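Below are some points on the model, set out for a colleague who has it open. Each point takes up one topic.

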Amino acid sequence: MSGINTLRPDAGSTHKTKRIGRGPGSGHGKTAGRGSKGMWSRSGSSQKRGFTNARFKKEFSIVNVSDLAKFDKGSKIGPQEFLDAGLIRKLEKNGVRILGDGQLDRALHISAHYFTESARQKITSAGGTCEVIRL
């Protein structure tokens with residue numbers, strides 16, 4: 001009879017914990033995988049490592065398909081209309097990105113810098129058009 005006390009993880013799904021600083025036989029002795037000297041070898045260094053190249057980061061102003069219900073049927077909508085309607089606060093450096101979250105029940109002619117595939121399908125199936133603006 002099996003019970004909760006007999007449950008075990010699948011074979012190979014768990015591993016022994018790495019015991020750091022427990023001598024040369026462990027493979028992680030001496031400097032314990034921290035290298036020699038420097039800030040990162042000391043205790044108390046809690047800053048996150050890594051690198052984010054913000055210079056090439058793409059920033060879009062995001063509008064969902066569900067947000068387009070604010071506009072009247074058959075209207076032509078572009079970045080300026082999104083600003084005027086309060087759907088975006090400012091026009092980011094890489095323009096407006098239309099995401100496919102939500103449903104659309106009216107035909108709209110939308111101009112934006114990027115459309116996701118699901119957003120494009122929902123807009124065209126409602127009878128609207130998608131025009132891509134180049135930066």
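Are phenylalanine 71 and phenylalanine 82 buried or exposed? Both are buried. The model is a predicted one, and the points below should be read with that in mind.

1. Aromatic pairs. The count of aromatic pairs comes to two. In one of them, phenylalanine 60 and tyrosine 114 have ring centres 6.2 Å apart and planes at 40°, so the pair is tilted. Phenylalanine 60 is in the segment before strand E1 (61-64) and tyrosine 114 is in strand E5, so the pair ties together parts 54 residues apart in sequence. Phenylalanine 60 is partly exposed at 24% relative accessibility, and tyrosine 114 is partly exposed at 36%. The rings of phenylalanine 71 and phenylalanine 82 have their centres 6.1 Å apart with planes at 75°, so this pair is edge-to-face. It links distant parts of the chain, 11 residues apart: phenylalanine 71 sits in the loop between E1 and strand E2 (76-77), and phenylalanine 82 in helix H1 (residues 79-85).

2. A charge over a ring. Phenylalanine 60 has a further partner: arginine 97 lies over the face of its ring, at 4.8 Å from the ring centre. Arginine 97 also stands opposite isoleucine 62 in the pairing of strands.

3. Strand E3 and its partners. E1 and E3 run parallel and are joined by four bridges. E3 also pairs with E5, again in the parallel sense, over two bridges; here isoleucine 98 has phenylalanine 115 in E5 as its bridge partner. In a regular strand, side chains alternate between the two faces of the sheet. E3 shows this alternation: Val96 and Ile98 point to one face and are buried, while Arg97 and Leu99 point to the other and are not buried.

4. The other sheet to check. Three strands form an open sheet in the order E2-E4-E6, with parallel pairing. E2 and strand E6 (129-132) are at the edges with a single partner strand each, so one side of each has no neighbour in the sheet. The parallel pairing of E4 and E6 runs over four bridges, and histidine 109 has threonine 129 in E6 as its bridge partner.

5. Nonpolar core. Which residues have the most contacts inside the largest nonpolar core? They are Val63, Leu68, Phe82, Ile98, Ile110 and Ile123, in a core of 18 residues. Strand E3 (96-99), strand E4 (109-112) and H2 each supply at least two residues of this core. Beyond its neighbours within four places in sequence, valine 63 is in contact with Leu68, Phe82, Leu87, Ile88, Val96, Arg97, Ile98 and Leu99. Phe82 thus appears here as well as in the edge-to-face pair of point 1.

6. Threonine 116. This residue lies in the loop between strand E5 (114-115) and helix H2 (117-125). With a relative accessible area of 17%, threonine 116 is buried. When neighbours within four places in sequence are left aside, threonine 116 is in contact with Ile98, Leu99 and Gly100.

7. Salt bridge. The structure holds one salt bridge. Side chains of opposite charge can pair when their charged atoms come close. Here arginine 106 and aspartate 105 meet through their side chains, at 3.2 Å from N to O. Arginine 106 is partly exposed, with a relative accessible area of 22%, whereas aspartate 105 is exposed, at 62%.

8. Positive phi. Most residues other than glycine have a negative phi. Alanine 32 has a positive phi, near 60°, and lysine 37 also has a positive value, near 55°. Alanine 32 lies in the segment before E1, and lysine 37 is placed in the segment before E1 too. Which of the two is buried and which is exposed? Alanine 32 is buried, with a relative accessible area of 16%, while lysine 37 is exposed, with a relative accessible area of 71%.

Note on methods
Residues are numbered from 1 along each chain as its sequence is written. This is a predicted model: local features need pLDDT of at least 70, side-chain atom pairs count only at pLDDT 80 or more; totals for chains, interfaces and linings use all residues. Side-chain values use heavy atoms; hydrogens and water are left out. Buried means under 20% relative accessible area, exposed over 50%, partly exposed in between (1.4 Å probe, protein chains only). Contact means heavy atoms within 4.5 Å. Rings of Phe, Tyr and Trp (its six-membered ring) pair if their centres lie within 6.5 Å; planes under 30 degrees apart count as stacked, over 60 as edge-to-face and the rest as tilted. A charge sits over a ring if NZ of Lys or CZ of Arg is within 6 Å of the ring centre and within 35 degrees of the ring normal. A nonpolar core is a set of buried Ala, Val, Leu, Ile, Met, Phe, Trp, Tyr and Cys residues joined through side-chain atoms within 4.5 Å. Two strands pair if DSSP finds at least two bridges between them. A salt bridge is a side-chain nitrogen of Lys or Arg within 4 Å of a carboxyl oxygen of Asp or Glu.
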